[in-house]
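Me: I should like to learn how to read a protein model feature by feature. Could we begin with the way in which strands are paired?

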Amino acid sequence: MILSPLYLVSEYVVRAPLSVVVPAAESAELPRRVYNFFTFGPQRKAGVIPVGYADFGLNPSVGVYGFWNDAFAVGNDWSVHAEAWPDDWYSLAMKESVRLDSRHVLHVQVSGVHRPDRVFYGVGPQSLQSSQSRFTEAIADESAMLDWKYWRGSRLQLTVGLRSESLGPGHYGSDPSLQREAATGAFAVPYGFGGRYTVEYNRILAALDSRRPVPAPGSGARVELKAEQDSNMLSTARAGWIRYGAAAAGFLDLDQHQHVVSLSVAAQFVDPLAGVSLPFTELVALGGDAPMRGYLPRRMLDRSAAVAALHYVWPLAPSLGATLQAAVGNVFDEHLQGFRPSLLRFSGDVGLSTVGVQDYPIEAIVGIGSETFEHGGQIDSVRVQLSVNHGF
């Protein structure tokens with residue numbers, strides 16, 4: 001199996017030392033002492049946590065995450081998250097969460113991010129790793145979301161928001177800017193580059209999940225549907241687009257001790273309204289987050305995508321878990337037009353993450369990604385990431 005070396009490293013290079021280090025740290029009460037150092041107030045409901053991010057191929061960052069639970073009133077939680085790096089990248093997010101009752105939470109958030117190191121390789125399933133270029137993306141976003149947890153792990157999320165984006169030339173190391181790489185004929189300059197747009201969006205996510213979240217999800221099934229309608233506020237024709245998708249997954253706990261294997265399939269689509277063109281940053285994207293974490297964010301872009309993934313999670317130590325994932329998928333033209341199995345790509349990754357820590361998790365990922373099977377399927381992407389509460 002292609003992921004066997006990654007699995008062996010996680011089990012015998014990582015787990016073995018941890019089996020000694022973690023018990024020693026717990027006997028010295030190190031986790032409690034660290035937690036008490038960064039939190040304060042009655043019942044430790046407030047704190048300031050250092051955060052950071054390192055992803056080979058992107059600028060790193062350092063910052064802080066601050067929180068105050070039950071601020072001024074029970075059920076009113078505040079948080080602020082800031083990160084930056086001297087190379088003209090910075091981000092800030094402020095959120096207020098109001099717990100209406102045990103099942104309903106209202107989130108209001110304002111955020112902004114400016115990054116000069118976003119990657120672009122072209123649009124379509126056959127874009128090449130050798131065409132890697134950079135662009136700058138600046139985003140300002142204000143939103144309100146109602147989150148309803150109605151049964152076991154099921155939830156319904158309703159979001160409204162306003163988002164502005166500005167897109168221009170970027171830089172990172174020796175990589176060329178997007179327009180410079182386009183001048184070589186590697187790809188065409190995508191629609192929206194060099195411009196700015198503002199959209200009002202309405203989003204719904206509905207998930208039906210038979211698993212119980214406490215003490216930890218085990219065997220079960222999950223079906224997720226999502227849709228979003230965006231209206232371009234700067235267009236005289238009030239143009240916009242809709243994006244929608246579905247995912248289904250089955251989970252099996254092998255021993256009732258959180259050794260869980262799962263199989264999932266997912267599809268995503270975006271369609272313009274009134275025949276207008278889409279800014280390239282609004283296309284369906286694969287890479288970055290699961291299930292194809294062997295690639296940098298937005299490695300593949302187009303009008304639709306299909307992915308199937310096999311995922312295994314298991315505990316390594318108290319409060320620390322491991323993940324192993326293999327996926328095949330790619331982006332395609334509208335409504336999966338042009339889909340062929342030979343155009344699929346492989347992505348695999350192994351990761352470590354803290355368990356049961358929602359506000360400031362620590363995560364490490366090592367992943368690989370391939371060219372299309374039609375192009376030989378050779379591994380041409382290696383991704384290494386380490387983050388502490390990274391959200392940008």
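Reply: Two strands are said to pair if DSSP finds at least two bridges between them. Please keep in mind throughout that this is a predicted model. Strand 1 (residues 39-40) and strand 2 run antiparallel and are joined by 2 bridges. Within this pairing, Phe40 has Ala46 of strand 2 as its bridge partner.

Me: What phi does Gly41 take in the hairpin of strand 1 and strand 2?

Reply: Gly41 takes a positive phi near 85°, in a hairpin with 5 residues between the strands. The hairpin of strand 2 and strand 3 also has 5 residues between its strands, and there Gly57 takes a positive phi near 105°.

Me: How many bridges join strand 2 to strand 3, and how many join strand 2 to strand 19?

Reply: Strand 3 (residues 61-68) is joined to strand 2 by 8 bridges, the two running antiparallel. Strand 19 (residues 379-388) also runs antiparallel to strand 2, with 4 bridges. Tyr53 can be followed in both directions: Ser61 stands opposite Tyr53 in strand 3, and Ser387 is the bridge partner of Tyr53 in strand 19.

Me: Is strand 2 mostly covered or mostly uncovered?

Reply: Here the general idea concerns the two faces of a sheet. In a regular strand, side chains alternate between those faces. In the present case, strand 2 (residues 46-55) is mostly covered, with 7 of its 10 residues buried.

Me: Let us turn to the interior. Which residues have the most contacts inside the largest nonpolar core?

Reply: A nonpolar core is read as a set of buried residues joined through their side-chain atoms. The largest one here has 25 residues, and those with the most contacts inside it are Phe120, Phe135, Leu178, Phe280, Leu286 and Met292. Several elements give two or more residues to this core, including helix 3 (178-183), strand 9 (196-209) and strand 16 (320-332). The largest share, 3 residues, comes from strand 15. Another core, of 9 residues, lies apart from this one, and Tyr312, Trp314, Ala322 and Leu324 are among its members.

Me: How many aromatic pairs are there?

Reply: One reads such a pair by the distance between ring centres and the angle between ring planes. The count comes to 12 aromatic pairs. One of them is tilted: Trp68 and Phe72 lie 4.8 Å apart, centre to centre, with 55° between the planes. Trp68 counts as partly exposed because its relative accessibility is 35%, while Phe72, at 66%, counts as exposed.

Tyr197 and Trp241 form an edge-to-face pair, at 6.1 Å centre to centre and 75° between the planes. Because Tyr197 lies in strand 9 and Trp241 in strand 11 (residues 240-253), this pair ties together parts that are 44 residues apart in sequence. Both Tyr197 and Trp241 are buried. Ring pairs also link Phe120, Phe135, Phe187 and Phe280 into a cluster.

Me: Where does the charged end of Arg115 sit?

Reply: The charged end of Arg115 sits over the ring of Trp89, 4.2 Å from the ring centre. Arg299 likewise lies over the face of Tyr121, at 4.2 Å from the ring centre.

Me: Is Arg118 buried or exposed?

Reply: Arg118 counts as buried because its relative accessibility is 19%, and the cut-off for buried is under 20%. Arg118 belongs to strand 6 (residues 104-120). A polar contact of 3.0 Å joins its side chain to that of Glu137. Leaving aside residues up to four places away in sequence, Arg118 touches Ser133, Arg134, Phe135 and Glu137.

Key:
Residues are numbered from 1 along each chain as its sequence is written. This is a predicted model: local features need pLDDT of at least 70, side-chain atom pairs count only at pLDDT 80 or more; totals for chains, interfaces and linings use all residues. Side-chain values use heavy atoms; hydrogens and water are left out. A nonpolar core is a set of buried Ala, Val, Leu, Ile, Met, Phe, Trp, Tyr and Cys residues joined through side-chain atoms within 4.5 Å. Buried means under 20% relative accessible area, exposed over 50%, partly exposed in between (1.4 Å probe, protein chains only). Rings of Phe, Tyr and Trp (its six-membered ring) pair if their centres lie within 6.5 Å; planes under 30 degrees apart count as stacked, over 60 as edge-to-face and the rest as tilted. A charge sits over a ring if NZ of Lys or CZ of Arg is within 6 Å of the ring centre and within 35 degrees of the ring normal. A polar contact is a pair of N or O atoms within 3.5 Å; within protein, one must be able to donate a hydrogen and the other to accept it, and residues adjacent in sequence count only if both atoms are side-chain atoms. Contact means heavy atoms within 4.5 Å.
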